[in-house]
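Work through the exercises below with the sequence and the structure in view. Each task is followed by a solution in steps.

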Amino acid sequence: MEPDQVTTAVLAGQAATTVVTLLATDAWEGARAAVAGAWRRLRPERAESIEQELDDTREDVLRARADGTEDATLTALAGDWERRFRRLIGDNPALAAEIRRVLDEELTPALPPEQRTAGGTVFHATVTDGNVYQAGRDQNFHG
């Protein structure tokens, strides 16, 4: 991956993990408003559908919590939102600054203190042959 692609991937992953985490908390309405507001500014034609997708994601999280499948569901949903953020930034890389602002100023401060990370931290890696595993939370590998 090129450095810009890595930065986009990291930002999209951070935003996605944070959004999905917040949708499972009492701060979900603020997270929904922040993300929908960003989409409204950046891609107004998609704002209404993004709001519905956020509502659907919250329902999925709550259902998974009740079923005892929260960890796996959060991981899958974060992957879905990471793809949305990557597409948004990929269509116009200048939008990364607005996503970073929303993440740093609106979303991350709403996380419980134990789930906050240092804002703006970017991990850079170069991989020639092999795999890179990155997570905003725990990773579990089963062989």
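**Exercise 1: Contacts along the chain**

Among contacts in the protein chain that link residues at least 6 apart in sequence, 70% join residues at least 24 apart. The model is a predicted one.

Task: State how many helices and strands the protein chain has, and which pattern it follows along the sequence.

Solution. Step 1: count the elements, which gives 5 helices and 0 strands. Step 2: read them along the sequence, which gives α-α-α-α-α.

**Exercise 2: Burial and surface**

Task: Find what percentage of the residues of the protein chain count as buried, and what area the chain exposes.

Solution. Step 1: take under 20% relative accessible area as the cut-off for buried. Step 2: apply it to the 143 residues of the protein chain; 36% count as buried. Step 3: turn to the surface, where the chain exposes about 8700 Å², with carbon and sulfur atoms supplying 48% of that area.

**Exercise 3: The cavity**

Task: Determine how many cavities of 30 Å³ or more the structure holds, and describe the lining of the largest cavity by residue, element and class.

Solution. Step 1: the structure holds 1 cavity of 30 Å³ or more. Step 2: the volume of the largest cavity is about 50 Å³. Step 3: its lining consists of Ala15, Val35, Ala38, Trp39, Phe85, Ile99, Val102, Leu103 and Leu107. Step 4: two or more of these lining residues come from each of helix H2 (28–42) and helix H5 (96–107). Step 5: H5 gives the largest share, 4 residues. Step 6: sorted by class, the lining has 9 nonpolar residues, no polar and no charged ones.

Key: Residues numbered from 1 in each chain as written. Predicted model: local features only at pLDDT ≥ 70, side-chain atom pairs only at ≥ 80, totals over all residues. Heavy atoms only, no water. 1 Å grid on protein atoms, 1.4 Å probe; cavity = no way out; pocket = protein on both sides within 12 Å on 5 of 7 lines; lining within 4 Å. Points joined across faces, edges and corners; volume = space filled by probe spheres on them. Nonpolar A, V, L, I, M, F, W, Y, C, P; charged D, E, K, R; others polar. Buried < 20%, exposed > 50% of the residue type's maximum accessible area, 1.4 Å probe, protein only. Contact = heavy atoms within 4.5 Å. Areas by Shrake-Rupley, 256 points an atom, 1.4 Å probe, with all protein chains shown as cover.
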